[in-house]
Amino acid sequence: MEELFKYIRKQPEDFVINLISDQDACRTYIRLLPPLSQQILFRLLYIERGFPRSEVEKWSPKSKSNDLINAIKKLIKAHLVYIVTDTISENSYNSSIIINKRVREVLLGTYVEDKKAFVRQKNPFAPDDQPDENFVPFDELDQSKFPTIDEKILDDFSNYQLESILSFMLKLRDNIDNEAKKILSDAKLMEFGGNLCPKGHRFLLLSPKEQIWRIVKCYLKFTKDLHSSLRFLLKIGSMELSKGYPITSLTPTQKELLSPFKTIGLVYIDGDYFYPTKSILNFFGKSNIFQTEGWMLIDTNFKITAFPKSPLHTALLKKFANVTYEFPGFASAFISPNSFREALNQGTTLDDIIGFLKSNLSHKIGSGQIPSAVMKQFYVWRDQRERLTVTHECIMRQYTNPNDANLAAQCAKQLAGYVYGPAEKKESHYWIVITLSSIEQSYKPYLDMIQNNSENGGYI
């Protein structure tokens, strides 16, 4: 997942290296890299000393040299390799690529981390995340004795959890559990009154992968131990589907994440064990549960023929299209300039609509592509909307006394409606104050007071 990879690599180098000192977390982190970067990393794995960068750049044809250079840059930004430059002569330099020593040891299995000591020690990454007496790392347990569960149970649970949240956002459900409501509020997707925020409108049309990341990112933002939370997330990426893992092998911070992860269908909890679902494994590219056949077609006349698998699909379609006919398993709709403009006004972007259509168009009974004429018209509609800019309504007043003008400006600033005021030490026959009309009701009493107390009659 590109977004998670960017999020981790922005952290300090020491933080990242300690994060991937766990072998499972390290493997998942590397899987987030582009394939070419992974190939370069594993080619250099058994070379302890630096390998000339000029030789590495010969591994691809000249036509693909930019791809190779970008792949090396990704490895450097990920803190997995670094460049060492040696001076050969006055005008000659030699650059070598070296894999981080800790990363090599972890991948080769020669680095042994005392996981109990790691979480107990007073380090800058997990100062308060102390395990209980029953804490035993996964790697020290006999995983052949871990329980298993039917995949269908996990699939049904995962799909139900995420669809329940989306249905509540679209007002197809009257209520959901408090944990889910807290998730929507913390992620700024819904207001306390139940109305969607602009981010919520965009969230609905995102792919399941992106929806999961938006929610997970929100929890990472507020977690008290980012290091432990990220390591748990990466370790899940290396777990097996349908296998249960003991909750006693988690730190307190990681246990706290189980509840929100369960709410959005990432893990299933049964007794003292939790089971990763396809939703979270697909997040790391281990499953293709969301790469299913599309359920709609779109014609050059903007007509959409849909075969929704649930009322949720039809409700999502209504976010940017007018539904003319709706039956169980069938719906007919069309995208009009008004429906398109209304979607943009709510906070949805053109990219959101295009992404939703592309991910849900059928490849079996259609081309799976948006007609070029429709795409062009989408951009025309967007550009027409953006040609018009909306500004707040303002009111301008002229004052014959600079003291009155300054007092009016100060009052407007207190009401957060100040736009423009008299310049200091400016000699003029009158002074202008411009304020927002939205504060007029609260601003009027101040103006009346200034008018009554002014020797020159206040404003004109």
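Two strands count as paired here if DSSP finds at least two bridges between them. Keep that rule in hand for the sheets on this tour. The model is predicted.

**Stop 1: the four-stranded sheet**

Select strands 7, 8, 9 and 10. These 4 strands make an open sheet, ordered 7-8-10-9, with antiparallel pairing. Look at the two ends of that order. Strand 7 (296-298) and strand 9 (322-327) are the edges; each has a single partner strand, so one side of each has no neighbour in the sheet. Turn the view to see the twist, which averages 15° from one strand to the next.

Now narrow the selection to strand 7 and strand 8 (residues 303-306). They pair in the antiparallel sense, with 3 bridges. Which residue in strand 8 stands opposite methionine 296? Select alanine 306: that is the residue facing methionine 296.

**Stop 2: a nonpolar patch**

Show the surface. Colour Phe307, Tyr325, Phe327, Phe330 and Ile365. Together they make a nonpolar surface patch of about 520 Å². Two of its members, Tyr325 and Phe327, fall in the range of strand 9 (322-327).

Next, pick out isoleucine 365. Find it in the loop that runs between helix 18 (350-360) and helix 19 (372-387). Is isoleucine 365 buried or exposed? Its relative accessibility is 55%. The cut-off for exposed is over 50%, so isoleucine 365 counts as exposed.

**Stop 3: the three-stranded sheet**

Select strands 4, 5 and 6. Here 3 strands form an open sheet in the order 4-6-5, again with antiparallel pairing. Strand 4 and strand 5 are at the edges; each has a single partner strand, so one side of each lacks a neighbour in the sheet.

Add helix 9 (residues 151-169) to the view. This helix packs on the sheet and touches strand 5 and strand 6. The direction of helix 9 makes about 115° with that of strand 5.

Go through the pairings one at a time:

- Strand 4 (residues 245-246) is joined to strand 6 (residues 273-276) by 2 bridges, and the two run antiparallel.
- Proline 246 has tyrosine 273 of strand 6 opposite.
- Strand 5 (residues 267-270) pairs with strand 6 over 4 bridges, in the antiparallel sense.
- Valine 267 faces proline 276 in strand 6.
- Aspartate 270 has tyrosine 273 in strand 6 as its bridge partner.

Centre on tyrosine 273. Proline 246 stands opposite this residue, and aspartate 270 is bridged to it as well.

Then move to the turn. Strand 5 and strand 6 form a hairpin, with 2 residues between them. Check glycine 271 in that turn: its phi is positive, about 70°.

**Stop 4: serine 242**

Select serine 242. Its place is in the loop between helix 13 (226-236) and strand 4. Is serine 242 buried or exposed? The relative accessibility is 14%. Buried means under 20%, so serine 242 counts as buried.

What does serine 242 touch, leaving aside neighbours within four places in sequence? Show Pro147, Thr148, Ile149, Glu151, Leu154, Tyr275 and Pro276; serine 242 is in contact with each of them. Glu151 and Leu154 lie in the range of helix 9 (residues 151-169). Tyr275 and Pro276 lie in that of strand 6 (residues 273-276).

**Last stop: the whole chain**

Zoom out. The chain has 21 helices and 13 strands. Of its 460 residues, 47% are buried. Among contacts between residues at least 6 apart in sequence, 66% join residues at least 24 apart. The accessible surface comes to about 24,800 Å², and 49% of it belongs to carbon and sulfur atoms.

Technical notes:
Residues numbered from 1 in each chain as written. Predicted model: local features only at pLDDT ≥ 70, side-chain atom pairs only at ≥ 80, totals over all residues. Heavy atoms only, no water. Axes fitted to C-alpha atoms, helices over the stretch in contact; angles between N-to-C directions. Patch = residues over 30% accessible without salt bridge, like charges linked within 9 Å, V, L, I, M, F, W, Y side chains within 5 Å. Areas by Shrake-Rupley, 256 points an atom, 1.4 Å probe, with all protein chains shown as cover. Salt bridge = Lys/Arg side-chain N within 4 Å of Asp/Glu carboxyl O. Buried < 20%, exposed > 50% of the residue type's maximum accessible area, 1.4 Å probe, protein only. Contact = heavy atoms within 4.5 Å.
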